[in-house]
Amino acid sequence: MSDKLIIFDTTLRDGEQSPGASMTRDEKVRIARQLERLKVDVIEAGFAASSNGDFEAVQLVANTIKESIVCSLARANDRDIARAAEALKGAQRARIHTFIATSALHMEKKLRMTPDQVFEQAKQSVRFARNLVEDVEFSPEDGYRSDPDYLCRVLEAVIAEGATTINVPDTVGYAVPELYGNFIKSLRERIPNSDKAIWSVHCHNDLGMAVANSLAGVKIGGARQVECTINGLGERAGNCSLEEVVMAVKTRRDYFGLDLNIDARHILAASRMVSQTTGFVVQPNKAVVGANAFAHASGIHQDGVLKARDTYEIMRAEDVGWSANKIVLGKLSGRNAFKQRLQELGVQLDSEAEINAAFSRFKELADRKAEIFDEDILALVSDESVSQEKEQFAFVSLSQHSETGERPHAAVVFTSAGKEVKSESDGNGPVDASLKAIEAHVQSGAEMVLYSVNAISGSTESQGEVTVRLQNSGRVVNGTGSDPDIVVASAKAYLSALNKLQSKADRVAAQG
Ligand code: KIV
Ligand code: ZN
């Protein structure tokens, strides 16, 4: 058994399945690059057969990434698998991840298939996939709630067909650590050809135990791959969090005795990028990447840390990418300094045109804000107007009037399919008036299900980062916008969400 733990990141597939977290092709490629910088072993880039948009995203990631294995999910049928193989053609190293549900509940109620039919389909799909690529992963969906005897029969058969990785999902987050660890252990012990595959864990966080369950699957069960997402992004309560698993294994090497490829110094930039792209804010007390993760407030702790860091700190903040929140650039900084800072932050923009767009936004910001922090730069590059994808709507300018005792009024100028429009409205407050002004022209009819504002660098001088979540005809999208003026940030976020609603590509949910 290898003593290396494989990190399989599924932020771009299972993470993206979280309602509202859908990402554009460009966003996926940018995050994939960051994951490669982090040196994750496998990047699950999407579910190629679910939509044309997802197919293109997997294809682009496959053509871009050089070091990590690029993977596409596929249901256990020939069409999905062929589509995944097609999207992965340009990959240096490609993996097809095929799955079918094996719990009695899922087979009977969802698939309406008999256990024998599922068994045959699983076998045949792995055989088909192995004819297309060398590296094939098989997942029995809802595996943890499946009958162990039946599961052993299916897994033995798919290994015999050539599955190289066997992943055992706790799809609904029902497991507890000891039981899940022993479940994996007993599967490995009972299946005669279990040593021909690498065993993998995939845990959801419904009971808040995804990380603990995954680590038990590794320690007790002998799994050597963990499937996880940045910030634990994922449907419902999310997936196992990459940063927590990685830092647990690194910090407690004495206990786990496992090596990782991961370069943890890129963790924070990855966390910020995913949060800013999806609008899923990281809670301040989140382990490793939360704003307070390394902040010592109590006098006793501060005193201890100043005398000897390890009195209260088990990891070094800088090892996961935290540097002091220093002013990095200002109004007089040039393009080269800006480019170099982007590199230091682990941000790679795709073309000179993208760098120019980001730099001109930086200059605009520096005119209004004297001190530009790392967080501002990260917000700025994740802003959609830097992206080269053509958007339907783009913010131009805004004016609003509000005075105690008077109803606020806003006039917003924005482009719609390249044509400038001006729209006005009253509202309960300046933000409400601005968003109503946009809606008065666009008439999307979308329902707003979330509005949140976050101060990027913690003071009133900082930029406001706004997330707007819209729902329309069963689709849920998030838009984000940042600006020192939170009314402007809100208008940008609203337009960004409308852009996402405009993109027609409907996805088929993996577990659907
Ligand atoms: O949670 C799950 O079961 C999945 C599978 C598709 C692997 O995400
Ligand atoms: Zn999952």
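This passage describes a zinc site and two groups of paired strands in a predicted model.

The zinc ion (ligand 2) is held by three donor residues: D14 through OD, H202 through NE2 and H204 through NE2. The coordination distances run from 2.0 to 2.1 Å. Along the sequence, the donors follow the spacing D-x187-H-x1-H. Distant parts of the chain are thereby linked: D14 and H204 lie 190 residues apart. D14 belongs to helix α1, residues 11-15. H204 sits in a loop, with β7 (198-203) before the loop and α9 (210-219) after it.

Burial was computed for two of these donors. D14 has a relative accessible area of 0% and is buried. H204 reaches 2% relative accessibility; the cut-off for burial is under 20%, so H204 also counts as buried.

Strand β2 covers residues 42-46. Five of its five residues are buried, so the strand is largely enclosed by the rest of the structure. Strands β1 and β3 both pair with β2. Strand β1 (residues 6-9) runs parallel to β2, and the two share two bridges. In this pairing F8 stands opposite V42 of β2. Strand β3 (residues 69-75) also pairs with β2 in the parallel sense, here over four bridges. V42 appears again in this second pairing, where it stands opposite I69 of β3. V42 thus has F8 opposite it in one pairing and I69 opposite it in the other. The connection from β2 to β3 involves helix α3, residues 52-64. Together, β2, α3 and β3 make a β-α-β unit of right-handed sense.

A separate description applies to strands β14, β15 and β16. These three strands form an open sheet in the order β14-β15-β16, and their pairing is antiparallel. The edges are β14 (447-455) and β16 (475-483), each of which pairs on one side only. Neighbouring strands in this sheet are turned against each other by 15 degrees on average, with direction ignored. Strand β15 spans residues 464-472. Eight bridges join β15 to β14, and the two strands run antiparallel. Within this pairing, S452 stands opposite T467 of β15. In a regular strand, side chains alternate between the two faces of the sheet.

In outline, the zinc ion (ligand 2) draws on D14, H202 and H204. Strand β2 pairs in the parallel sense with β1 and with β3, whereas the β14-β15-β16 sheet is antiparallel.

Terms used: Residues are numbered from 1 along each chain as its sequence is written. Chains are lettered from A and ligands numbered from 1 in the order in which they are written. This is a predicted model: local features need pLDDT of at least 70, side-chain atom pairs count only at pLDDT 80 or more; totals for chains, interfaces and linings use all residues. Side-chain values use heavy atoms; hydrogens and water are left out. Donors are N, O and S atoms within 2.8 Å of the metal (3.2 Å for Na, K and Ca); water is not among the atoms, so sites may look incomplete. Buried means under 20% relative accessible area, exposed over 50%, partly exposed in between (1.4 Å probe, protein chains only). Two strands pair if DSSP finds at least two bridges between them. A crossover is right-handed if, with the strands pointing away from the viewer, the path from the first strand over the helix to the second runs clockwise. Axes are lines fitted to C-alpha atoms, for helices over the stretch in contact, and angles run from 0 to 180 degrees between N-to-C directions.
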